[in-house]
Amino acid sequence: MNWDDVKIKAQYLTPKHALSRLVGAFAAARAGWFTQLFIRWFIRQYKIDMSEAVHESPAAYKTFNDFFTRHLKPELRPLDASDPDQFAHPVDGAVSQLGDINDGRIFQAKGHDYSLTELLGGDPRDAHAFKNGKFATIYLAPKDYHRLHMPCDGTLRKMVYVPGDLFSVNPLTAANVPNLFARNERVVAIFDSEFGKFSMVLVGATIVASIGTVWAGTVTPPTGDHVHSWDYPASGDQAIRLKKGEEMGHFKLGSTVVLTFPEDTIDFDDALEAGSQTRMGQVLGQRDD
């Protein structure tokens with residue numbers, strides 16, 4: 001057995017929810033000098049460029065969560081995808097995989113794919129629009145900016161909380177744990193747009209202390225045992241409309257976002273492939289004419 005096998009087996013044995021909530025309690029605490037010590041260690045360990053942050057000094061952050069969800073200077077993430085026929089990258093991170101959804105199955109890694117319907121919470125009606133569409137899976141490393149933004153203008157129609165496990169979502173785990181993104185805890189947001197529907201799935205992971213959206217605040221924790229869904233109106237005063245590039249949610253500690261689009265909606269940028277670095281606001285793809 002090699003060291004990678006040991007790491008994977010350890011994840012199956014670790015009480016991941018308990019560990020994540022314990023870390024979450026610390027991350028939310030104002031622990032004074034200890035919080036500052038940990039933030040400064042984290043910056044060194046992951047080589048975080050604090051010159052990008054609105055508040056560059058670690059002393060500006062009273063909790064680790066404040067630091068981890070830090071805002072960036074807006075001029076550093078211009079909306080390059082300003083053409084209305086372009087889609088923008090929603091996050092800083094790295095492409096895990098992207099490509100076609102084949103009859104409701106999404107490619108995870110060599111030897112592994114998973115169910116689109118399961119990913120979106122189990123309702124085949126939600127999955128139908130994306131059955132033969134396209135997907136992009138983007139991994140956010142600890143060093144990355146952890147706020148998520150809209151790839152295009154959208155009107156929120158549904159949010160789904162899906163309980164699940166909390167495996168790591170790093171490349172090693174994605175290559176070795178079957179059904180990873182459809183087995184971890186997640187929050188699904190389904191939008192209408194002028195291009196048709198699209199979804200953004202915020203996938204939880206080990207020690208991810210919280211997933212939140214701008215319209216609902218913190219969605220998890222607390223965790224639950226059942227799928228919960230919320231529907232939203234298409235129009236009127238209660239409709240939730242977000243513009244391309246506008247913030248839609250956040251992770252407190254790193255994770256993954258999976259985007260799905262209907263067939264004949266998007267052509268991904270030719271330069272994108274597994275491992276490509278992403279920056280929020282740059283071009284994800286073009287409208288498929």
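**Helix 4 and its rings**

I began with helix 4 (residues 64–68) of this predicted model, where I found Phe64 and Phe67 three residues apart, about one turn of the helix. I asked how the rings of Phe64 and Phe67 are arranged, and noted a tilted aromatic pair with 5.5 Å centre to centre and 55° between the planes. I then looked up whether Phe64 and Phe67 are buried or exposed, and both turned out to be buried. I also recorded Arg70, which lies over the face of Phe67 at 4.7 Å from the ring centre.

Widening the search, I found that Phe64 and Phe67 belong to one aromatic cluster that also takes in Phe38, Trp41, Phe42, Tyr46, Tyr61 and Phe68.

**A pair between distant parts of the chain**

I next turned to Phe87 and Phe261, which form an edge-to-face aromatic pair, 5.4 Å centre to centre with 70° between the planes. I traced Phe87 to strand 1 (residues 86–88) and Phe261 to strand 15 (residues 256–261), so that the pair links parts of the chain 174 residues apart. Why do I enter Phe87 as buried? I do so because its relative accessible area is 0%, and buried means under 20%. Phe261 likewise counts as buried, because its relative accessibility is 0%.

For the whole model I noted a count of 20 aromatic pairs.

**The four-stranded sheet**

I looked up the strand order of an open sheet of four strands and wrote down 6-14-10-11, with antiparallel pairing. Which strands stand at the edges? Strand 6 (147–149) and strand 11 (217–220) do, and each has a single partner strand, so one side of each is left without a neighbour in the sheet. I also noted that neighbouring strands of this sheet are turned by 25° against each other on average, direction ignored.

Following strand 11 inward, I found three bridges that join it to strand 10 (residues 210–213), the two running antiparallel. I checked Gly212 in particular, and its bridge partner in strand 11 is Thr218.

**Nonpolar cores**

I finished with the nonpolar cores, of which the largest has 62 residues, and those with the most contacts inside it are Phe191, Trp215 and Met248. I listed what Phe191 touches, leaving aside residues up to four places away in sequence, and the list includes Met150, Leu156, Phe198, Met200, Trp215, Leu242 and Met248. Arg157 and Lys197 are also among the residues that Phe191 touches. Apart from this largest core I found another, of twelve residues, among them Ile48, Phe67, Phe68 and Leu253.

Technical notes
Residues are numbered from 1 along each chain as its sequence is written. This is a predicted model: local features need pLDDT of at least 70, side-chain atom pairs count only at pLDDT 80 or more; totals for chains, interfaces and linings use all residues. Side-chain values use heavy atoms; hydrogens and water are left out. Rings of Phe, Tyr and Trp (its six-membered ring) pair if their centres lie within 6.5 Å; planes under 30 degrees apart count as stacked, over 60 as edge-to-face and the rest as tilted. Buried means under 20% relative accessible area, exposed over 50%, partly exposed in between (1.4 Å probe, protein chains only). A charge sits over a ring if NZ of Lys or CZ of Arg is within 6 Å of the ring centre and within 35 degrees of the ring normal. Two strands pair if DSSP finds at least two bridges between them. Axes are lines fitted to C-alpha atoms, for helices over the stretch in contact, and angles run from 0 to 180 degrees between N-to-C directions. A nonpolar core is a set of buried Ala, Val, Leu, Ile, Met, Phe, Trp, Tyr and Cys residues joined through side-chain atoms within 4.5 Å. Contact means heavy atoms within 4.5 Å.
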